[in-house]
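Student: I have the model open. Can we go through the terms used for its packing and its pockets?
Tutor: Yes. Ask what each label rests on.

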Amino acid sequence: MLELDRHLSRSLEQARHAPLCVQRYGHPWVWVLSSDAWADAARWAALDVEAHPLLALRRATDAQLPAWPEAAIATLPLDMDDVRMLQRAVLLLWVQALDSAQRVHDDLRHHQVYRRFVGFGRGSAWSPTQCVRILQASRHPLLRRCVESALAAVPATLLQSAAVPPAGASADRVEQQRIAGGCLSY
């Protein structure tokens, strides 16, 4: 009992500083977090993200998406949702420089702006396998040309505000963006 008490005390102390994932049968089951973190999460959930540059980019590029040729659409995994969501996902991967299937999966499940950009409803998400397929398709040269032509019609200032910072950005700024909104992005 003493060992269990010590282990539980250490875990709860860790939860004071960062959310703690409790797994059951090897799968995430429940998250333990402090009341401050819970209040912070409620504040972030109530945040109106419509003014975010990525959503302005979505409004600007939506008119360009139907112009993609059939050969480019054929490279996308069409057994998933609609074509427009897949096109927006490819644009998001390009603009935000997402290059890891796990990160794509996690961000599309938890990052509210990314979910809005792609067009996910409440509770829906793609599987890790589908995210791998989208990431692989986004590397196709024909899709890259389609993305470049869609983004060429967007004002440069809008694209710069929505894009990930350049590699020379300060480490502190990148770290703030990596952990922004209580969602760890790696």
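Tutor: Start with handedness. A crossing counts as right-handed if the near helix is turned clockwise from the far one by less than a right angle, and as left-handed if anticlockwise. This is a predicted model. In it, helix 6 passes helix 8 in a right-handed crossing.

Student: How do the axes of helix 6 and helix 8 lie, and at what angle do they cross?
Tutor: The axes of helix 6 (residues 101-110) and helix 8 come within 8 Å. They cross at roughly 120°. Angles of 65 to 115 degrees count as roughly perpendicular, over 145 as roughly antiparallel, and under 35 as roughly parallel. A value of roughly 120° therefore falls among the rest, the oblique ones.

Student: Which residues of helix 6 and helix 8 meet?
Tutor: From helix 6 come Ala101, Val104, His105 and Leu108. Helix 8 answers with Pro128, Cys131, Val132 and Leu135. By class, this contact has seven nonpolar, one polar and no charged residues. His105 is in the contact, and His is not on the nonpolar or charged lists, so it counts as polar.

Student: What makes helix 3 oblique to helix 5?
Tutor: The axes of helix 3 (residues 53-61) and helix 5 cross at roughly 130° and come within 12 Å. That angle makes the pair oblique. The crossing of helix 3 past helix 5 is right-handed. Leu54, Leu57, Arg58 and Thr61 of helix 3 touch Arg88, Leu91, Leu92, Val95 and Gln96 of helix 5. The split is five nonpolar, two polar and two charged.

Student: Why is helix 5 called roughly perpendicular to helix 9?
Tutor: Their packing angle is about 80°, with the axes 10 Å apart. The range for the label is 65 to 115 degrees. So helix 5 is roughly perpendicular to helix 9. Val90, Leu91, Trp94 and Val95 of helix 5 contact Arg144, Val147, Glu148, Ala150 and Leu151 of helix 9. Seven of these residues are nonpolar, none polar and two charged.

Student: Which residues line the second largest pocket?
Tutor: The lining is Val90, Leu93, Trp94, Ala97, Leu98, Asp99, Leu135, Ser138, Arg139 and Arg144. The volume is about 150 Å³. Helix 5 (83-96) and helix 8 (128-138) each supply at least two residues. Helix 5 gives the most, with three.

Student: How do you know which class the lining residues of this pocket fall into?
Tutor: Six are nonpolar, one is polar and three are charged. Asp and Arg count as charged, and Asp99, Arg139 and Arg144 are in the lining. Ser138 is there too; Ser is on neither the nonpolar nor the charged list, so it counts as polar.

How values were computed:
Residues numbered from 1 in each chain as written. Predicted model: local features only at pLDDT ≥ 70, side-chain atom pairs only at ≥ 80, totals over all residues. Heavy atoms only, no water. 1 Å grid on protein atoms, 1.4 Å probe; cavity = no way out; pocket = protein on both sides within 12 Å on 5 of 7 lines; lining within 4 Å. Points joined across faces, edges and corners; volume = space filled by probe spheres on them. Helix = DSSP H or I, 4+ residues; strand = E, 2+ residues; numbered from the N terminus. Axes fitted to C-alpha atoms, helices over the stretch in contact; angles between N-to-C directions. Contact = heavy atoms within 4.5 Å.
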